[in-house]
Amino acid sequence: MISVTATGMKEVSQKIKATPVDDVLLTTYPEDSEPIPLKWGASDYQERGPVVPSKFKNGVSKHNCIGAHAGPYCIYHALAIGSNQLKRDHIPDFTNSQPAFTIPEQPSWFNDSDIVSMDPFGHLTPYLFDEVSKTEGVEIRPTIAITKATMQLLEMKEAVEKGELKVDGQIVVNENGDLNVSKIAVEPVWYLPGVAQRFGISEETLRKCLFEDTNGMYPELITRPDIKTYMPPIGGLTVYIFGDPQRISNPDKKIALRVHDECNGSDVFGSDICTCRPYLMFGIQEAVKEAQNGGSGIVVYFRKEGRALGEVTKYLVYNARKRGGDTADAYFHRTECIAGVRDMRFQQLMPDVLKWLGISKIDKMLSMSNMKYDAIVESGIEIVERVPIPDEMIPPDSRVEIDAKINSGYFSTEKAPTIEELQSVRGRTWNDV
Ligand SMILES: [Zn+2]
């Protein structure tokens, strides 16, 4: 059994003459707490209850979630408090911030295994539980926000000019290729027993590794086994929907879907070393076409930069590749040398948002990833067709990446390249630029 006590940590702190911690609450314990009831998977929302991580007001004894709102941005919130730019007692005013459209309730919202990494009622909590917030004296904030927007992308303008996309006035609104889109931002809320189950480990192991490997970031992971939910300081996801969002859960309507993991260098800044932005643009274009045909087009964008290894690791790998002779056969090896693994995106939790939207079948999956495919199919969602990125959209220096991925199991309509062939697929060197 792991033991962490406030007294123990205080003694250590005094020993090394660190900042006094007398007025800091290091952790809480079940015996001093009376958390707001939260029953993940309950059959109605009132029985389920709100997710409350905040220790504001009565939250010290009544919070029922470990961690903080806003994912990684919780640190900026702390800085705003620390630098006196934000009052700790600021009460958010949610007037007019409610969802711009509704997502029909799904059976998956009412069990404890279909959705374990987001709160299915996260877009409604301040409104459903306003009374709880007042009577219990706790802060209840949304973890999901739903809005509408217009997108302007150069690739869509070109697609209209080439006649590949048609202006319909509804989804493609004009000759400029402007797109009408409905979008949903989601902060992660983990139901720890469910997350542990997805990874095939015990809840205790999950809590221990999260606590230890972040150098003790959330002691309540250890001291509060009675609290089952956790808001991790990681990036969330955004759902982009083309066409009427109400159609998504209608099994008679077709769905085209791209699940995209963030790659800032390509997505935003146009790097040609990978296929990320071209595949994203192809995904948006196909999603729009499906919506124009009476179905739904969806792009889910996950904040998992550089295969969730981060951009620093990614650039170190780029350097190792360019200095070591950038061939497709060594592509994954370079990442493994530095990061220890080739990928940390862990697609096990990814299908949750698809279940939340009520998707039961994907007619066109705009992804070649075998990991994404396996995770979706294992979650019980059918995939009818997989569509690889068209060859002409693959940038010159990214052949190394795409061939290495196809060889490792990525879906392709072409024959997977052999090891010998991979050795001859070479990326540009710095001297070639
Ligand atoms: Zn990329």
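## Overall form

Of the 433 residues of the protein, 39% count as buried, and the model that gives this value is a predicted one. The protein contains 19 helices and 10 strands. Its radius of gyration is 24 Å, close to the 22 Å that the globule rule gives for 433 residues, so the protein is as compact as a globular protein of that length.

Taken along the principal axes, the box that the C-alpha atoms fill is roughly 65 × 50 × 40 Å. When contacts between residues at least 6 apart in sequence are considered, 70% of them join residues at least 24 apart.

## The nonpolar cores

In soluble globular proteins, nonpolar side chains tend to be buried together. Here the largest nonpolar core has 85 residues, and the members that touch the most other members are V288, I298, V300 and V353. The helix that gives the most to this core is α12, residues 276-292, with 9 residues.

V288 can serve as an example of how such a residue is surrounded: leaving aside residues up to four places away in sequence, V288 touches L165, I171, V172, L179, F242 and G297. Apart from the largest core lies another core, of 5 residues, and among them are A328, V400, A404 and L422.

## A sheet of three strands

One open sheet has 3 strands in the order β1-β5-β4, and its pairing is mixed. The edge strands are β1 (65-67) and β4 (190-191), each of which pairs on one side only.

Strand β5, residues 229-231, is joined to β4 by 2 bridges, and these two strands run antiparallel. Within this pairing, W190 has Y230 of β5 as its bridge partner.

## Helix α15 and what covers it

Helix α15 spans residues 331-339, and Y331, R334 and T335 are buried in it. Seen down the axis of α15, its buried residues fall within an arc of 95°, so they line one face of the helix. As background to this pattern, an α-helix has 3.6 residues a turn, so residues three or four places apart point the same way.

The buried residues of α15 are covered by elements that include α14 (311-323) and α18 (399-407). After α15 comes G340, whose phi is positive, near 90°.

## Positive phi outside glycine

Most residues other than glycine have a negative phi. Against that background, R307 has a positive phi, near 55°, in a residue other than glycine. R307 has its place in helix α13, residues 305-308, and it is buried, with 20 other C-beta atoms within 10 Å.

F346 also is not a glycine, yet its phi is positive, about 45°. F346 lies in the loop between α15 and α16 (352-357). With 15 C-beta neighbours inside 10 Å, F346 counts as partly exposed, whereas R307 is buried.

## A domain from the record

An unreviewed UniProt entry lists residues 23-213 as "domain: GTP cyclohydrolase N-terminal". In the predicted model, the end C-alpha atoms of residues 23-213 lie 26 Å apart, and the span is 29% helix and 11% strand.

Key:
Residues are numbered from 1 along each chain as its sequence is written. This is a predicted model: local features need pLDDT of at least 70, side-chain atom pairs count only at pLDDT 80 or more; totals for chains, interfaces and linings use all residues. A residue is buried if 20 or more other C-beta atoms lie within 10 Å of its own, exposed if 12 or fewer, and partly exposed in between; C-beta atoms are placed from the backbone. Helices (H or I, at least four residues) and strands (E, at least two) are DSSP runs, numbered from the N terminus. The arc is that of the directions from the helix axis to the C-beta atoms. Two residues are in contact if their C-beta atoms, placed from the backbone, lie within 7 Å. The radius of gyration is taken over C-alpha atoms; the globule rule is 2.2 Å times the number of residues to the power 0.38. Two strands pair if DSSP finds at least two bridges between them. A nonpolar core is a set of buried Ala, Val, Leu, Ile, Met, Phe, Trp, Tyr and Cys residues joined through C-beta atoms within 7 Å. UniProt positions are given in the numbering used here, feature names are shortened, and annotations may be inferred rather than shown by experiment.
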